[in-house]
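Please open the model in your viewer and set the display to show the backbone together with the side chains. The tour below proceeds from the whole chain to selected sites.

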Amino acid sequence: MSKTSKFVLRIQSADGTKRIETEPSSTTKTLYELVREVCGFNHYEFALFRERNFTKEVVSSGSQEVKDVGLKHGDILYLRLVEGPSTSKAAERSASVNSLASSHSSTFSNASFSREATPSTSSKPSTSAAAAAAAAAATESSTIPQEDAVDLELYKQDGRIKRDRDEKLCRHNSNGRCVHCSALEPWDENYLKEQKIKHFSFHSYLKKLTSGAARGKFVALEDLNCKIKSGCRDHPPWPKGICSKCQPSAITLNRQPYRHVDNVMFENTGIVERFLNYWRTTGHQRIGFLFGKYEIHPDVPLGIRARVAAIYEPPQESNRDSIRLLDDPHDADVDELARQLGLQRVGWIFTDLLSENLASGTVKHVRNIKTHFLTAQECILAGHLQNKYPNRCKDSSNGYFGSKFVTVCVTGDEKKQVHMEGYAVSAQCMALVRDNCLIPTKDAPELGYIRESSDKQYVPDVYYKEKDVYGNEVQRLGRPLPVEYLLVDVPASTPLVPLYTFLERKDAKQYFPVENRMIDGHIQDFAALANYLAKSRSLPFLDAVSDFHLLFYLYRMEDMLPMKSQLGPLLEAVRDKDKAKANEWKTREVWKTLEELIEASSNHDDSSMSNDVEFVPSGDAEQNWICTFCTFINSRELPACEICNLPRSRQ
């Protein structure tokens, strides 16, 4: 091909692909003018790039030729719109800087001043442009979420599975390697089957995507979108119009090969037993949130394990067959308390237990392969919680992908004993729940239902594959939809050697009451606090306060003695198990005040608290009395304050 012959370039944008003809000797400024003409723009608010991820910008210049850029016949240029007008040199430079900063490019361009709109930019950035680029980069880096510590640690590992030399098959010396003893990749299917690992870890999935010759160049972690893309100007908005550019694609449900968390480990059995005491007392079901931390799982290549240290029970109404969650005014407080203790919310747990024989302690086996593992309503709630607590991931365009939030169900097994089953819903289920496409059915708990499109919402078709009576694989529409296609198994267990973040008591009656249990003997109040501390006098102070539910009660005790602002050093001592720091905090005025209030309450137990009602002649006593601790005006029949529960003082 001669130097003067024309060749074709393809311009790919959000509106499709277009073609232009140019010459190798043409300037890149002329190239921009041709693109502007063929795309029908009346402005130059766009930039051209040689890479799909908007890097290697083709700079508009009156002196640089197309052949100098390295373009040849049939190459593709990627067009990206730039916000803001380009009617002056400063505006052009600002638009170029913003475009380049957002695409992580460090190339700048230069052009002469002109009053007309031109595609020129600046090749040598000015001081103000460099400052703007630095500010844009700083803003972008601040918006990128910080990943969990366990993820940062796993990024440093290659995850390859080392094997010893096979004495029978290997024919080399000890320093050599062959196919029988070379290291395996962390996603090796044969190894996972031998170890009975059903799903490989998320970091193994990332390693697999970035392996090979491409090194993950064309791989992007993107969440599924089930909504119509906004801003399409080719037709009226839905329901009056829709096109292939804004219409979401149909979805075929696939088995998710990876999972973000490979195991849920409760530090000791006492954590679950304390949670199950509510069901054993009332027969009602219960929901709780798991607080703990994520750590590396040694038994799964590049695996992550959720280590549970405590269970928080939110406000709820429950009976034998159902649970209804209520608004929690202290939801932010419990997260902040956990953060100061070095913990975070890692999942949720619920019970589905029906007693079969009270004498033998057996329960009914209601969840199995013939019925269901999780109901559609539970899958939707799990998807909602996973969307609420997403997984921070640097390889995703928006900084989040999937979720480490796990679901644990306490139910009966084949032997009719209480056991735990762990699950997580797939990324496809999270997208369906987020975009309000999945709803439960009324009469079949194991079946979900994909909404039908209406005037208010367009819902794409969702399909799943199954085998018919002849063994052929057929595609079905997800109305209804078996929820097994949305689940990922996560084993739940306890370690052989118990671990203790908080102190365990041998007798369940010695524990401080759990929050939000509205039954006798389980209510958190000042009397329960005084009783608990009286029973714990023989223990070291650090052991006595090493109770998540006790610390949460002290953290939100605002009416009588505000302690939230004073608990920081104590929480740090509990987190680090520092007895000296805990004993130092015990000498502070806030704890001494609390001990004085408890002492005043205990001294009055024999005189006033022993009788439920004190009968006083109406002529010999005042109608009401004022509490000396909280100044609340109480009725004369009450021996203790109705608000703070402290005894009535006699003066």
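The stops that follow concern the chain as a whole, one aspartate and one pair of helices.

**The whole chain.** Select the full protein chain of this predicted model. The chain contains 18 helices and 27 strands. Of its 651 residues, 43% are buried. Among contacts between residues at least 6 apart in sequence, 64% join residues at least 24 apart.

**Aspartate 328.** Next, select residues 323-340. Strand 13 (323-325) and helix 9 (331-340) are joined here by a loop, and aspartate 328 lies in that loop. Which residues, beyond its neighbours within four places in sequence, are in contact with aspartate 328? They are Tyr312, Pro314 and Pro315. Display the side chain of tyrosine 312 as well: a polar contact of 2.6 Å links it to the side chain of aspartate 328. Now add arginine 345, the nearest side chain of opposite charge, at 6.1 Å from aspartate 328. Aspartate 328 is buried, yet it has no salt bridge; the cut-off for a salt bridge is 4 Å.

**Helices 10 and 11.** Finally, select residues 376-388, which form helix 10, and residues 427-434, which form helix 11. The two axes come within 8 Å and cross at roughly 90°; helix 10 and helix 11 are therefore roughly perpendicular to each other. To view the place where they meet, display the side chains on both sides:

- From helix 10, show Cys379, Ile380, Gly383, His384, Gln386 and Asn387.
- From helix 11, show Cys429, Met430, Val433 and Arg434, which the helix 10 residues meet.

Conventions. Residues numbered from 1 in each chain as written. Predicted model: local features only at pLDDT ≥ 70, side-chain atom pairs only at ≥ 80, totals over all residues. Heavy atoms only, no water. Helix = DSSP H or I, 4+ residues; strand = E, 2+ residues; numbered from the N terminus. Buried < 20%, exposed > 50% of the residue type's maximum accessible area, 1.4 Å probe, protein only. Lys, Arg positive; Asp, Glu negative; His and termini not counted. Polar contact = N/O pair within 3.5 Å; in protein donor to acceptor, adjacent residues only side chain to side chain. Contact = heavy atoms within 4.5 Å. Axes fitted to C-alpha atoms, helices over the stretch in contact; angles between N-to-C directions. Parallel < 35°, antiparallel > 145°, perpendicular 65-115°, else oblique.
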